[in-house]
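User: Please take a close look at the aromatic side chains in this model, and at what surrounds them. A single connected account would suit me.

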Amino acid sequence: MIGPSHGGHRTSRPARSRRPRRRLVALALCLPLALLPACGLDTTGGDPGVSPFTGVEGPDGPVLAVKVDNVAPARPHTGLEDAAIVYVEEVEAGLTRLVAVYSGTVPARVGPVRSVRESDLELLAQFGRPALGFSGARSDLLPEVRSSPMLAVAPEDAPGAFERDTSRLAPHNLYLDPEAVIEAAGNPSTSRDIGFRFGDPPPGGEPTGEYTVAFPGTSVGFRWSEGDGRWEVFFDGEPAGSTAGGTLGAATVVVQYVTVRPSEYADRGGYVTPYTETVGEGPVVVLRDGRAYTGDWSRLSAGGGTRFTDGGGNRLTFAPGQVWVVLAPVGDEG
């Protein structure tokens, strides 16, 4: 699965699963903190004052998730360098969008902001009642978003929290003010254990200079920078820039191979919306410190976190700092 020490790895196009659609009928059942162990979340570990999202000391605060555009006209992005976690997920036409998660530290501006998808409800349930900044949703999906545990905030809910950048073309020009969205949300959950573990590198691993995940219509790559001690991010083979300057990068990259199947929804162009299943189990590759570690992930319920383990069942530890999680279609990983 992993390339040689002087090279890297590129995934081939994985085969798709055609499992029957599962409805999210009980997202809220496992959300109370008292029920978390029963829902499969390992609540051990963690130090007071250390973020369970990054393993770094710092202020805690309300959790904010933002749906972020990721097509070429949306780049460079704004505010992603301040996120604790960035998820990469497949959307229509084989493209990707991002979910940036913040807690304790927020930038002045994040975007471009885009619409939510059905599988975001399952993904974000592990955070409890986070604020969600987004630009909208399909009319038949929006009631599910509004009735979910998330505190959803769109431009119609808080017009002053969103603004258009006239130097860019719509729809890739909507940005939000994180503090204003959090205020409009009311009382979002603060950070909690979602299964990440931080510490010294686990034993083993293979020296790896780069790793690329191929989606049907785009690619997301990571290249180890020894000097910066991080994995630089690449979209479609180009460095992922920030409007603040420089290239985006992560201390740890989690390539989580998941089932991506068709949902019941389609966009205006007729493309069926993919549903990314983040409850279940599958293979994982964890990139840290210039090495790749293979193992497995397991998440028993939407309200619980995800365990990442090696072949012996030991927890795979992450390097402290920002974490990128690529939800890659499972199949032929190479």
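**Aromatic rings and their surroundings**

Analyst: In this predicted model, Arg223 lies over the face of Phe234, at 4.3 Å from the ring centre. A second arginine is placed in a like manner: Arg109 sits over the face of Tyr175, with 4.1 Å to the centre of the ring.

Next come the contacts between rings. The structure holds 9 aromatic pairs. One of them is formed by Phe53 and Phe127, whose ring centres are 5.4 Å apart; their planes stand at 85 degrees, over the 60 degrees that marks the class, so the pair is edge-to-face. The two residues come from distant parts of the chain, 74 residues apart. Phe53 belongs to the loop between strand 1 (8–10) and strand 2 (63–68), while Phe127 belongs to the loop between helix 1 (119–124) and strand 5 (131–133). Phe53 has a relative accessible area of 1% and is therefore buried. Phe127, at 2%, is buried as well.

Phe196 and Phe308 make another pair. Their ring centres are 6.2 Å apart and the planes meet at 55 degrees, so this pair is tilted. Phe196 is located in the loop between helix 3 (178–185) and strand 9 (206–207), and Phe308 in strand 20 (residues 307–309), so the pair ties together parts that are 112 residues apart in sequence. Both Phe196 and Phe308 are buried. They also belong to one aromatic cluster, together with Phe198 and Phe318.

Tyr175, the ring under Arg109, leads on to Asn173, since strand 8 (174–176) ends the loop that holds Asn173; that loop begins after strand 7 (162–164). Asn173 counts as buried because its relative accessibility is 6%, under the 20% limit. The side chains of Asn173 and Arg164 are joined by a polar contact of 2.8 Å. Leaving aside neighbours within four places in sequence, Asn173 is in contact with Pro112, Glu163, Arg164, Asp165 and Arg168.

One further aromatic residue, Tyr257, lies on a covered face of strand 15, where it is buried along with Val253 and Val255. On the other side, Thr252, Val254, Gln256 and Val258 are buried too. With 7 of its 7 residues buried, strand 15 (residues 252–258) is therefore largely enclosed by the rest of the structure. Strand 15 is joined to strand 18 (residues 280–288) by 5 bridges, the two running antiparallel, and Val255 stands opposite Val285 there. Strand 21 (residues 323–329) runs parallel to strand 15 and is joined to it by 7 bridges; within strand 21, Pro329 is the bridge partner of Val258.

Methods:
Residues numbered from 1 in each chain as written. Predicted model: local features only at pLDDT ≥ 70, side-chain atom pairs only at ≥ 80, totals over all residues. Heavy atoms only, no water. Phe/Tyr/Trp six-rings, centres within 6.5 Å; stacked < 30°, edge-to-face > 60°. Helix = DSSP H or I, 4+ residues; strand = E, 2+ residues; numbered from the N terminus. Buried < 20%, exposed > 50% of the residue type's maximum accessible area, 1.4 Å probe, protein only. Lys NZ or Arg CZ within 6 Å of the ring centre and 35° of its normal. Polar contact = N/O pair within 3.5 Å; in protein donor to acceptor, adjacent residues only side chain to side chain. Contact = heavy atoms within 4.5 Å. Pairing = 2+ DSSP bridges.
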